[in-house]
Amino acid sequence: GARSPSKPRDAALGVDSLILSFRTMFDPRAADGLSASYELRLGEDRFRAEVADGHFEVVRGVAERPDAIIETDSNTLAALVYDDRQLAEALRSGDLKIEGDESAIERFLGLFPLPDPAMPAGM
């Protein structure tokens, strides 16, 4: 789906779809040297995300002593991860609240690169 040439890049993603996309799009090379724990607060949903040794795990629930907490909605987090929305702008607008290590948050946002869209059939 991420490579679909017809899916609008700005289409809304629900919470579960966003979390599944993180599992799919995780790039271990982008996580080189990163060992961090996160709590993602997406509306009423809570997720514990762990990055260590080039692996990524995310499960429902709260994180015990996370390095960083990200509180937002799924569309804002998707825009930060996939659409190059700037962290500072999301904070200024009030669409995002963070606690903890901001550099760990910046690293998290870069862990899920999208592939280039496929060429439409017949081109």
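**View 1. Residue T72 lies in strand β4 of the protein chain.** Strand β4 spans residues 68-72, and the structure shown is a predicted model. T72 has a relative accessible area of 8% and is therefore buried, since buried means under 20% relative accessible area. Leaving aside residues up to four places away in sequence, T72 touches R41, L42, G43, L77, D95 and L96.

**View 2. Residue E106 belongs to helix α4.** Helix α4 covers residues 102-109. The relative accessible area of E106 is 46%, so this residue is classed as partly exposed; the class partly exposed lies between the limits of 20% for buried and 50% for exposed.

**View 3. A negative patch is present on the surface.** The residues that form the patch are D67, D101, E102 and E106. One of them, E106, is the residue of helix α4 shown in the preceding view.

**View 4. The protein chain combines 4 helices with 5 strands.** Along the sequence, these elements follow the pattern α-β-β-β-β-α-α-β-α. Among the contacts in the protein chain with a separation of 6 or more, 64% are made by residues 24 or more positions apart.

**View 5. The surface and the buried residues of the protein chain are considered together.** The protein chain has 123 residues, of which 36% count as buried; T72 is buried, with its relative accessible area of 8%. The accessible surface of the protein chain comes to about 7,200 Å². Carbon and sulfur atoms account for 48% of this accessible surface.

Conventions
Residues are numbered from 1 along each chain as its sequence is written. This is a predicted model: local features need pLDDT of at least 70, side-chain atom pairs count only at pLDDT 80 or more; totals for chains, interfaces and linings use all residues. Side-chain values use heavy atoms; hydrogens and water are left out. Patches are made of residues with over 30% relative accessible area and no salt bridge: like charges are joined within 9 Å, nonpolar side chains (Val, Leu, Ile, Met, Phe, Trp, Tyr) within 5 Å. Accessible areas come from the Shrake-Rupley method with a 1.4 Å probe; for residues, only the protein chains shown count as cover. A salt bridge is a side-chain nitrogen of Lys or Arg within 4 Å of a carboxyl oxygen of Asp or Glu. Lys and Arg count as positive and Asp and Glu as negative; His and the chain ends are not counted. The place of a charge is taken as NZ of Lys, CZ of Arg, CG of Asp or CD of Glu. Helices (H or I, at least four residues) and strands (E, at least two) are DSSP runs, numbered from the N terminus. Buried means under 20% relative accessible area, exposed over 50%, partly exposed in between (1.4 Å probe, protein chains only). Contact means heavy atoms within 4.5 Å.
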